[in-house]
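Hi,

Here is the structure I promised to pass on to you. Have a look at it first, and then read on for what turned up in it.

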Amino acid sequence: MKRKNFDKIVTGVGFGLAIFLLVAAGLLNWGSNFAADAVGSQLSAQKITMPAETGNAKESAEVTEFFKSNGDQTMSTGKQAQMYADHYLGFHLSGMPTYSEASGASRAAAAALAANPTDEKLKADAATKAGLVDTVFKGTMLRGTLLTAYAFGTLGEIAGIAALVSLAGAALMFLLSILGLLHIRRTPEDATI
């Protein structure tokens, strides 16, 4: 095979790869911006105010400082959602039964009340246990939703980094392809591989 033909093929592939990386960078940047905007707008719409402390005296200095610096702000970032879910909600939910345990206890209290519907103590116990089920369910669902927002925010950040890497790769491939064109001009017609 003639060297010039081989160089043309390699240079053409280089330009193709550069265009592919440029398109990938654009799409990744779009995804990054979409994730950041969606997470920010959805969290801001919930109007959840970050507390200045978690209530856990055994929290690390890093977590304590995060809550102090973000206290009284409206939650708007994936990182804030993660910290609130793991260190505030997680701490308070850790002192409660799981949803399954609370639900089982509530059903048992409702069954006992059904057997003796006039007993005021059983009515109060059933209402308390039903309220606990509601609290645990809401807290667990909010925690899961906030952690999902954190996951999407993190994926958006990763897409942003990948966009920059793709853009740098595209620039490098364009440069190498241009150098390949210059090399083709200097390659003798009779050179072979």
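Below are my notes, going from the helices to the core, the pockets and a few single residues.

One caution before the details: this is a predicted model.

**Helix H1 and what follows it**

Helix H1 covers residues 3-46, which is 44 residues. From its first C-alpha to its last it reaches 64 Å, close to the 64 Å expected at 1.5 Å a residue. After H1 comes Lys-47, with a positive phi near 55°. To get a feel for distances along the chain, take Ala-35 and Lys-8: they are 27 residues apart in sequence, and their C-alpha atoms are separated by 40 Å.

**The nonpolar core**

Which residues have the most contacts inside the largest nonpolar core? They are Leu-43, Met-50, Phe-67, Met-75, Tyr-84 and Leu-146, in a core of 15 residues. Two or more residues come from each of H1, helix H2 (61-70), H3 and H5, and H3 gives the most, with five. As general background, nonpolar side chains tend to be buried together in soluble globular proteins.

Phe-67 is a good place to zoom in. Not counting residues up to four places away in sequence, Phe-67 touches Met-50, Pro-51, Ala-52, Glu-53 and Thr-54, and also Met-83, Tyr-84, His-87 and Tyr-88.

**Two pockets**

The largest pocket has a volume of about 220 Å³. Its lining is made up of Ala-38, Val-39, Gln-42, Leu-43, Gln-46, Ile-48, Leu-142, Thr-145, Leu-146, Thr-148, Ala-149 and Phe-152. H1 and H5 are the elements that give two or more residues to this lining, and the largest share, six residues, comes from H5. By type, the lining of the largest pocket has eight nonpolar residues, four polar and no charged. Leu-43 and Leu-146 appear in this lining and are also among the residues with the most contacts inside the core.

The second largest pocket has a volume of about 150 Å³. It is lined by 14 residues, and Gly-78, Lys-79, Gly-153, Thr-154 and Glu-157 lie nearest its centre. H1, H3 and H5 each give two or more residues to the lining of the second largest pocket. That lining divides into four nonpolar, eight polar and two charged residues.

**Three residues to look at**

Is Ala-35 buried or exposed? Ala-35, in helix H1, has a relative accessible area of 11%, under the 20% cut-off, so it counts as buried. Beyond its neighbours within four places in sequence, Ala-35 is in contact with Phe-152 and Gly-156.

Ser-166 belongs to helix H5, residues 120-186. Its relative accessible area is 10%, so Ser-166 is buried too. Leaving aside neighbours within four places in sequence, Ser-166 is in contact with Leu-21, Ala-24, Ala-25 and Leu-28.

Met-96 sits in the loop between helix H3 (78-94) and helix H4 (99-115). With 31% relative accessibility, Met-96 is partly exposed, because that value falls between the 20% and 50% cut-offs. Outside its neighbours within four places in sequence, Met-96 is in contact with Leu-132, Thr-135 and Val-136. Met-96 and Thr-77 are 19 residues apart in sequence, and 27 Å lie between their C-alpha atoms.

Happy to talk any of this through.

Best wishes

Terms used:
Residues are numbered from 1 along each chain as its sequence is written. This is a predicted model: local features need pLDDT of at least 70, side-chain atom pairs count only at pLDDT 80 or more; totals for chains, interfaces and linings use all residues. Side-chain values use heavy atoms; hydrogens and water are left out. Helices (H or I, at least four residues) and strands (E, at least two) are DSSP runs, numbered from the N terminus. Buried means under 20% relative accessible area, exposed over 50%, partly exposed in between (1.4 Å probe, protein chains only). Contact means heavy atoms within 4.5 Å. The expected span of a helix is 1.5 Å times one less than its number of residues. A nonpolar core is a set of buried Ala, Val, Leu, Ile, Met, Phe, Trp, Tyr and Cys residues joined through side-chain atoms within 4.5 Å. On a 1 Å grid over the protein atoms alone, a cavity is a set of points where a 1.4 Å probe fits but cannot get out, and a pocket is an open set with protein on both sides within 12 Å along at least five of seven lines; lining residues have an atom within 4 Å of a point. Grid points are joined across faces, edges and corners, and a volume is the space filled by probe spheres set on the points. Ala, Val, Leu, Ile, Met, Phe, Trp, Tyr, Cys and Pro count as nonpolar, Asp, Glu, Lys and Arg as charged, and the others, Gly among them, as polar.
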